[in-house]
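Q: Could you take a close look at one part of this model for me, the nonpolar core and the sheets around it? I'd like a connected walk-through rather than a list.

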Amino acid sequence: MRRARFTPAPLALAAAAVVLNLASTLPAQAQASTTAAAPLTLDLPAQPLGQALNELARRADLQLSFPADAVAGKTAPAVSGRLTPEQALQRLLAGSGLAATVDGQRVVVKPADAAHESALPAVKASAGALASELPAAHAGGQVARGARVGALGNLSVMDTPFSSVAYTAELIAEQQARSVADVLVNDPATRFTTSAGHAYENFRVRGFDVNAGDLAIDGMYGLAPVGHSPVEYLERVELLKGPSALFSGMPPGGGVGGVVNLVPKRAGDEPLTRATFGVQSESQAELALDLGRRFGEQKQWGLRVNTAYGDGDTTLDEQSKKREFLSAALDFRGEALTATLDAYTSTEKFDGGTPAMYWFATTDIPGAPDPSTNQFRNGWGELKSKAVIARAEYAINEQLDAFAGLGRRNHDYSGFINGTHARQIAANGDYTGRMVGQLGYSDSSSAEAGLRARFATAGVRHELVLHATRLTQEDGSAVNMATFASNIYRPVTPTMVAVPGAAPKTGETTLDSLALVDTLSFLDDRLRLTLGARHQGVETKSFASTGALTAHYDESALTPAVAIVAKPWGQNISLYANYVQGLTKGDTVTDTAATNYQQVFEPYKTEQMELGVKWTTGTFTNTVSLFEITKPTMMATGSSAAPTYSDDAEKRVRGVEWNSFGELARGLRVLGGASWNQGKLTKTAYGQYDGNDAVGAPHWQGNLGAEWDTSWLPGLTLSARLAATSKQYLDAANTQRIPGWSQIDVGARYATRLMGRPTQWRLGVNNLFDRHYYAGSFSDSTPIATLGPKRSVAASMTVDF
């Protein structure tokens with residue numbers, strides 16, 4: 001029997017109506033906090049520093065004070081773009097020997113010593129996600145100064161014993177990103193395991209998978225939109241690299257490459273009414289609205305509503321897409337209690353075909369086809385997700401906080417959205433295709449609760465976190481299929497099969513966990529040691545279409561972790577190390593000839609060991625890390641006629657990774673990095689492939705983006721990004737290899753005022769030279785390659801009313 005459904009759309013629509021009403025009734029001159037205020041569109045020319053500070057104070061409604069002799073004879077650089085007041089202050093004061101201290105609306109500028117100027121400020125650990133609790137944006141505005149580390153809450157970059165990055169709403173807007181994949185393309189350790197434009201976006205981080213269903217919202221799994229996760233409602237897209245079962249629990253899909261956490265937007269102190277109009281190749285048009293207000297005597301209540309609508313043809317021949325999105329975010333901030341309530345509904349439809357993945361039957365890999373070539377004309381699909389999420393945090397006293405969250409998501413899908421593979425491709429491009437008509441659903445309930453205690457013993461400060469999670473998921477599906485013959489360069493037009501009329505329940509999953517984590521601080525916080533363990537239970541049930549139980553899995557595992565951060569030379573250099581584990585559901589032996597037929601293995605433990613160093617100048621931050629990740633899987637041993645299966649097979653990836661972000665010089669921002677990886681199959685069935693390169697693990701990959709605020713036209717910013725990946729294998733035998741590739745993206749934006757309204761124009765070109773290439777691997781077990789994107793052009797205009 002299908003579970004009862006809920007409908008958050010009326011709640012979101014009602015919230016939108018409230019915001020529109022508030023837009024006409026609340027005063028526009030509401031004060032803004034410099035740490036939480038919405039960005040301003042600035043075009044300040046190079047001028048005397050005192051004059052520039054006064055102009056910023058006027059525009060941001062700040063109470064600014066500074067000694068006249070401290071700014072005498074100093075010149076501020078030109079500052080333009082959409083910046084928060086804090087970001088603008090950083091740019092104006094960069095290299096001046098001055099620093100700003102902020103207390104609400106009061107800002108004091110005074111001389112600062114070099115250590116104070118270069119260090120990134122501390123970030124308060126918190127389970128909440130209000131705007132005031134988020135780490136501030138780093139210089140340059142593209143990333144934040146910290147991110148969520150699961151149960152530990154928000155930590156600054158310099159206090160986090162992992163490689164992490166948090167991309168901001170400013171970057172999302174400026175790069176015209178439309179999905180999480182468009183944001184993570186900035187990360188050098190991340191690549192994608194589905195072709196560009198596919199209905200689902202799956203990721204590979206440090207050589208290991210993170211599926212579309214493994215994204216978290218405010219640290220909770222099972223609640224994010226499935227397929228494409230819209231970014232219009234996001235304040236941050238955070239990436240914590242490597243397995244992290246201790247801090248976040250096991251994701252529903254068992255992804256171990258990293259944790260992708262989505263942070264919804266909250267209303268800032270300044271009223272916001274923003275509209276964005278956009279077009280992209282071939283004729284996709286979009287409209288997005290972003291509305292925010294705070295109300296109440298102390299502005300303790302906030303409401304943020306985001307909506308987006310897009311429709312039109314895409315770069316894939318004959319395909320059109322339509323998407324509709326609406327979200328509402330309500331929050332309350334009191335002296336002891338903070339709470340949030342989020343609701344969204346997301347629908348994406350496509351017809352006229354879908355991008356393919358390419359499954360090869362030969363070692364003679366044919367050249368990559370034009371990405372606009374449509375292998376599955378007449379294919380269509382629809383994905384719908386809707387959810388409600390409630391969270392709260394209460395400060396019991398100065399030493400103890402309690403936090404909890406509860407959410408529910410319903411996801412429905414139909415049409416041709418999976419199995420989009422051109423199968424058994426020959427050297428001349430001939431292949432066998434399969435049209436797959438599906439109907440299905442995936443309903444999730446997610447909950448977490450915890451306590452965070454702060455105390456000291458014998459001069460050692462502790463932050464102790466007790467964290468419990470529970471995720472339940474019910475899945476149902478039905479499939480019709482038909483095959484056809486085609487060629488990747490000259491595709492036929494196949495007939496779309498009928499979609500089944502009903503989708504019976506096929507599975508249930510329950511993930512329970514309990515963790516205890518203690519962070520100990522020594523030597524005035526110059527040494528931080530994190531110790532902890534999580535007990536994770538995994539229960540799954542599989543059902544036949546008749547409702548009969550066909551398989552039952554119920555196992556558990558304990559995952560310990562240890563991490564350390566040391567700052568022996570001050571706050572601007574951190575040394576860190578970690579040992580952590582990730583979890584994936586263990587396999588069941590289904591080979592009837594096996595000596596251990598039907599044996600069930602405990603959850604597989606992926607292990608990571610990592611050493612790293614981070615350093616910052618305050619405006620420019622770098623991370624260099626050395627890591628090793630090993631993941632076990634099932635393999636056969638003994639006689640091939642009567643094998644015995646074990647969980648001793650192993651894939652290992654070792655790497656050196658560099659990440660960089662911030663302002664390299666005045667008006668020049670950089671973002672990206674590079675990684676060198678050695679992926680190996682260390683243990684395989686019968687030793688057949690021992691020592692071979694791991695599938696989908698290129699030796700080199702990197703991304704480097706740069707932005708330049710031109711001096712000859714204030715408000716104009718030019719940008720470029722280079723992404724490159726070396727050759728990689730698609731099969732364990734290392735006989736099927738795709739060549740390396742590179743891609744260049746360019747863009748420009750111009751901040752100005754239109755009829756007195758702050759306005760920003762943007763233009764971007766992805767894959768500038770329209771290179772056709774296989775981008776990576778879809779699967780570790782089958783030789784399937786993904787396809788890179790077609791050249792596309794996007795333009796947009798954002799206006800604040």
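A: First, a cut-off: a residue counts as buried when its relative accessible area is under 20%, and as exposed when that is over 50%. Keep in mind that this is a predicted model.

With that cut-off, start with helix α4, residues 85–93, which is mostly covered: nine of its nine residues are buried. Among them are charged and polar names such as Glu 86, Gln 87, Gln 90 and Arg 91, alongside Pro 85, Ala 88, Leu 89, Leu 92 and Leu 93.

Now for the core itself. In soluble globular proteins, nonpolar side chains tend to be buried together. Here, the largest nonpolar core has 35 residues, and the ones with the most contacts inside it are Val 180, Val 237, Val 260 and Leu 262. Several elements each supply at least two residues of this core: the helices α6 (169–174) and α7 (180–184), plus the strands β10 (164–168), β12, β16 (234–241), β17 (258–264) and β24. The biggest giver is α7, with four residues.

Three of those strands, β10, β16 and β17, sit side by side in an open sheet of five strands, ordered β10-β16-β17-β14-β15, with mixed pairing. At its edges are β10 and β15 (220–221), each of which pairs on one side only. Look at the β10 edge: five bridges join β10 to β16, and the two run antiparallel. One place to zoom in is Tyr 167, whose bridge partner in β16 is Val 237. That is the Val 237 listed with the most contacts inside the core.

β12 belongs to another open sheet, this one of three strands in the order β11-β12-β13, with antiparallel pairing. Its edges are β11 (190–192) and β13 (208–210); each has a single partner strand, so one side of each is left without a neighbour in the sheet. From one strand to the next, the twist averages 35°. Between β12 (residues 203–205) and β13 there are three bridges, and Arg 204 has Asp 209 in β13 as its bridge partner.

That leaves β24, which supplies at least two residues of the core but also shows up on the surface. Leu 337, Tyr 394, Ile 396, Leu 451, Leu 466, Leu 514 and Leu 516 make a nonpolar surface patch of about 600 Å². The elements giving two or more residues to this patch are β24 (381–397) and β29 (505–522). Tyr 394 is found in β24, and its relative accessible area of 42% makes it partly exposed.

Conventions: Residues numbered from 1 in each chain as written. Predicted model: local features only at pLDDT ≥ 70, side-chain atom pairs only at ≥ 80, totals over all residues. Heavy atoms only, no water. Buried < 20%, exposed > 50% of the residue type's maximum accessible area, 1.4 Å probe, protein only. Patch = residues over 30% accessible without salt bridge, like charges linked within 9 Å, V, L, I, M, F, W, Y side chains within 5 Å. Areas by Shrake-Rupley, 256 points an atom, 1.4 Å probe, with all protein chains shown as cover. Salt bridge = Lys/Arg side-chain N within 4 Å of Asp/Glu carboxyl O. Pairing = 2+ DSSP bridges. Axes fitted to C-alpha atoms, helices over the stretch in contact; angles between N-to-C directions. Core = buried A, V, L, I, M, F, W, Y, C linked by side-chain atoms within 4.5 Å.
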